[in-house]
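Here is a short set of exercises to work through with the model open beside you. Try each task before you read its solution.

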Amino acid sequence: DTLNSQEARQMFSFVSLFFVLTLGILIAFLVNRSTFEVHRAHDRDSKELQSKSLRLENLVTLLNYSNDLMCIVDQNSFTIDDLNPVFKILLGFELSEVRGKNLMKFIKQDESSAGLEKDIKSMNDDEVLEFKCKLVCKDGSEKDFKWTGITKNGKMHASARLLA
């Protein structure tokens, strides 16, 4: 009787130990597996972010070294949100003198610019508008430009090429 009781306790201890070890191994496997998945996802996301950063850097370089004026203008207020350095090169203005200002301040008001504000305000998303106008340089001189603008989410993304 005591022998069976002792064997039963030993068997119970063995089964309990086996259960705990099996459970420990299973938990370790699941933790390692999920950790591996997290590391793999992190590595994949890191590579994707690096690729996007490089692409963004290339686009910034392209915009900054373009020969065209490029800017983003609020469609309703005509405030220049952002622009490339060509404004300084072609018009003589520091970027800080242009950013946050009304685009119409730099456009000579004449027959070529009449109705331009109304045309820009009435544009729908993905609509393209082409127009010609004179821009007034910092020194007071004027230069002819041909503009192409496209609107998206209340902003006109525009580029202007100097006419010879």
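The exercises below go from the whole chain to single residues and end at a pocket.

This is a predicted model, in which local features need pLDDT of at least 70, side-chain atom pairs count only at pLDDT 80 or more, and totals for chains, interfaces and linings use all residues. Residues are numbered from 1 along each chain as its sequence is written, and side-chain values use heavy atoms, with hydrogens and water left out.

**Exercise 1. The overall shape**

Work out what pattern the protein chain follows along the sequence, and how its radius of gyration stands against that of a compact globule.

Solution.
- Start with the elements: the chain has 4 helices and 5 strands. Both are DSSP runs numbered from the N terminus, helices being H or I with at least four residues and strands E with at least two.
- Put them in order, and the pattern reads α-β-β-α-α-α-β-β-β.
- Next, the radius of gyration is 33 Å, while a compact globule of 164 residues would be near 15 Å. The radius is taken over C-alpha atoms, and the globule rule is 2.2 Å times the number of residues to the power 0.38.
- The box filled by the C-alpha atoms, taken along the principal axes, is roughly 115 × 30 × 25 Å.
- Finally, buried residues make up 23% of the 164. Here buried means under 20% relative accessible area, exposed over 50%, and partly exposed in between, with a 1.4 Å probe and protein chains only.

**Exercise 2. Two residues in regular elements**

Find valine 38 and alanine 160, and decide for each: buried or exposed?

Solution.
- Valine 38 sits in helix α1. With a relative accessible area of 55%, valine 38 is exposed.
- To see how the chain runs here, look at glutamine 6: its C-alpha atom is 47 Å from that of valine 38, and the two are 32 residues apart along the chain.
- Alanine 160 belongs to strand β5. Its relative accessibility is 0%, so alanine 160 counts as buried.
- Look at what surrounds alanine 160: beyond its neighbours within four places in sequence, there are contacts with Asp68, Leu69, Phe145, Lys146 and Trp147. A contact means heavy atoms within 4.5 Å.

**Exercise 3. Two loop residues with positive phi**

Locate aspartate 126 and asparagine 153, and say in which loops they lie.

Solution.
- Aspartate 126 is in the loop between α4 and β3 (128-136). Its phi is near 65 degrees, a positive value in a residue other than glycine.
- At 48% relative accessible area, aspartate 126 is partly exposed.
- Asparagine 153 is in the loop between β4 (142-152) and β5. Although not a glycine, asparagine 153 has a positive phi of about 55 degrees.
- Asparagine 153 is exposed, at 64%.

**Exercise 4. The largest pocket**

Which elements each supply at least two residues of the lining of the largest pocket?

Solution.
- Begin with the space, which is about 230 Å³. A pocket is an open set of points on a 1 Å grid over the protein atoms alone where a 1.4 Å probe fits, with protein on both sides within 12 Å along at least five of seven lines; lining residues have an atom within 4 Å of a point. The volume is the space filled by probe spheres set on the points, which are joined across faces, edges and corners.
- List some of the lining, including Val60, Met70, Asp82 and His157.
- Assign the elements: α1 (2-64), β1 (69-74), β2 (80-83) and β5 (155-162) each give at least two residues.
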